[in-house]
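Work through the exercises below with the sequence and the structure in view, and try each task before reading its solution.

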Amino acid sequence: MSRALSEAVERVKHCALCNTFTENEICETCLDSERDATQLCVVETPGDQLMIEQTLTFKGLYFVLMGRLSPLDGIGPKDLHLDKLIARATDGVVTEVVLATNFTNEGEATAHYISETLKARGLKVSRLARGVPVGGELEYVDAGTIARAMLDRRST
């Protein structure tokens with residue numbers, strides 16, 4: 001068991017392009033020529049990336065932050081490799097960055113910081129929608145979620 005863990009630590013590294021975990025220099029997702037290189041989805045963790053992949057709704061590329069801004073924990077922009085994200089997003093190929101950070105205070109702050117930084121560089125930035133979950137009944141949904149769903153409503 002300890003040998004297997006040691007080998008994993010030696011072999012697993014960060015993808016040079018998207019920062020997720022891989023055993024190669026560049027991960028399989030980044031090497032996939034079928035992907036839409038004009039769209040870049042920013043997530044906090046490889047687990048978040050996996051969940052988006054399982055929906056089969058996003059065909060672009062990713063950037064994995066490996067965390068979120070948290071000043072109280074001493075985590076700032078440099079700790080999230082935001083310079084690497086900015087370089088990737090402004091490579092001349094990416095036209096839209098989709099922010100898919102979690103809807104926590106830290107995730108919202110991270111999304112806001114990235115959004116302002118990238119908009120200043122002329123990029124289109126979008127954010128995942130929020131609201132009532134599929135199959136959810138309003139009486140069991142928290143007031144904050146209902147309020148956000150009401151504010152973000154769209155015409156039918």
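## Two helices that meet

H4 and H5 are oblique to each other, where oblique covers angles outside the ranges under 35 degrees (roughly parallel), over 145 (roughly antiparallel) and 65 to 115 (roughly perpendicular). The model is predicted, so that local features need pLDDT of at least 70 and side-chain atom pairs pLDDT 80 or more, while totals for chains, interfaces and linings use all residues. Residues are numbered from 1 along each chain as its sequence is written, and side-chain values use heavy atoms, without hydrogens and water.

**Exercise 1.** Find at what angle the axes of H4 and H5 cross.

Solution. Begin by locating helix H4 at residues 82-89 and helix H5 at residues 105-119. Next, follow their axes (lines fitted to C-alpha atoms over the stretch in contact, with angles from 0 to 180 degrees between N-to-C directions), which come within 11 Å and cross at roughly 40°.

**Exercise 2.** Determine which residues make the contact between H4 and H5.

Solution. On H4, look for Leu82, Leu85, Ile86 and Ala89, and on H5 for Tyr113, Ile114, Thr117 and Leu118; contact means heavy atoms within 4.5 Å. Then sort these residues by type, which gives seven nonpolar, one polar and no charged.

**Exercise 3.** Describe the protein chain as a whole, beginning with how many helices and strands it has.

Solution. Counting gives six helices and six strands, taken as DSSP runs (H or I of at least four residues for helices, E of at least two for strands). Read along the sequence, they follow the pattern α-β-β-α-β-α-β-α-β-α-β-α. Finally, the C-alpha trace spans about 50 × 40 × 35 Å along its principal axes.

Technical notes. Ala, Val, Leu, Ile, Met, Phe, Trp, Tyr, Cys and Pro count as nonpolar, Asp, Glu, Lys and Arg as charged, and the others, Gly among them, as polar.
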